[in-house]
Amino acid sequence: MAVLNSIELEGVSSTGWRAAAHEALREAGRTLRNIRRMDVLGTSATVGEDGEISEYRAQVRLVFEVDTNR
């Protein structure tokens with residue numbers, strides 16, 4: 001039987017929310033193994049002085065399987 005754990009992260013991108021979520025997943029994948037699911041918990045953006053979006057943010061929860069063999 002599998003044991004699952006989760007972690008909440010925030011990804012940041014200058015191009016969009018999808019890219020921000022992908023950045024969180026990519027960065028977490030550098031140290032976490034067996035990632036099984038990603039839930040998008042929320043999105044937000046930073047607005048620059050020109051009134052345009054300068055930074056997209058995606059809050060995500062990653063669920064991964066715990067390696068019980070270690």
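Guide: Let's start with a rule: a residue is buried when its relative accessible area is under 20%, exposed when it is over 50%, and partly exposed in between (1.4 Å probe, protein chains only). What you see is a predicted model, in which local features need pLDDT of at least 70 and side-chain atom pairs count only at pLDDT 80 or more, while totals for chains, interfaces and linings use all residues. Residues are numbered from 1 along each chain as its sequence is written, and side-chain values use heavy atoms, with hydrogens and water left out.

Visitor: Why is Arg 61 called partly exposed?

Guide: Its relative accessibility is 27%, which falls between the two limits, so Arg 61 counts as partly exposed.

Visitor: And what makes Glu 8 count as exposed?

Guide: Glu 8 has 52% relative accessibility, and that is over the upper limit, so the word is exposed.

Visitor: Why do Arg 61 and Glu 8 count as a salt bridge?

Guide: A salt bridge needs a side-chain nitrogen of Lys or Arg within 4 Å of a carboxyl oxygen of Asp or Glu. Here the N to O distance is 3.4 Å, so the pair passes the rule. In general, side chains of opposite charge can pair when their charged atoms come close.

Visitor: What does the pair of Arg 61 and Glu 8 tie together?

Guide: Arg 61 belongs to strand β3 and Glu 8 to strand β1, so the salt bridge ties together parts that are 53 residues apart in sequence. Strands (E, at least two residues) and helices (H or I, at least four) are DSSP runs, numbered from the N terminus.

Visitor: How many salt bridges does the whole structure have?

Guide: A search finds nine. Among them is Arg 36 with Glu 65, whose closest N and O atoms are 3.2 Å apart. That pair links strand β2, home of Arg 36, to strand β3, home of Glu 65, across 29 residues. Another is Arg 57 with Glu 55, at 2.8 Å from N to O. There is also a network of salt bridges that links Glu 8, Arg 37, Asp 39 and Arg 61.

Visitor: What makes β2 and β3 count as paired strands?

Guide: Two strands pair if DSSP finds at least two bridges between them. Strand β2 (residues 35–47) and β3 are joined by 11 bridges, and they run antiparallel. One example to look for is Met 38, whose bridge partner in β3 is Leu 62. The two strands form a hairpin with five residues between them, and Gly 51 in that turn has a positive phi of about 85°.

Visitor: Why is the pair of Trp 17 and Tyr 56 called edge-to-face?

Guide: Rings of Phe, Tyr and Trp (its six-membered ring) pair if their centres lie within 6.5 Å; planes under 30 degrees apart count as stacked, over 60 as edge-to-face, and the rest as tilted. By this rule there is one aromatic pair. The ring centres of Trp 17 and Tyr 56 are 4.9 Å apart and the planes stand at 85°, so edge-to-face is the right name. The pair links distant parts of the chain, with Trp 17 in helix α1 (residues 17–28) and Tyr 56 in strand β3 (residues 53–65), 39 residues apart.

Visitor: Is each of these two rings' residues buried or partly exposed?

Guide: Trp 17, at 36%, is partly exposed. Tyr 56, at 16%, lies under the lower limit, so it counts as buried.

Visitor: Which residues of α1 are buried, and why do they lie on the same side?

Guide: Ala 20, Ala 21, Ala 24 and Ala 28 are buried. They cover an arc of only 100° around the axis, so they sit on the same side of α1; the arc is that of the directions from the helix axis to the C-beta atoms. The face turned away from this buried side carries the exposed residues Arg 18 and His 22.

Visitor: And what makes Ser 14 exposed?

Guide: Its relative accessible area is 57%, over the upper limit, so Ser 14 is exposed. Ser 14 is in the loop between β1 and α1. Leaving aside neighbours within four places in sequence, Ser 14 is in contact (heavy atoms within 4.5 Å) with Ser 54 and Tyr 56.
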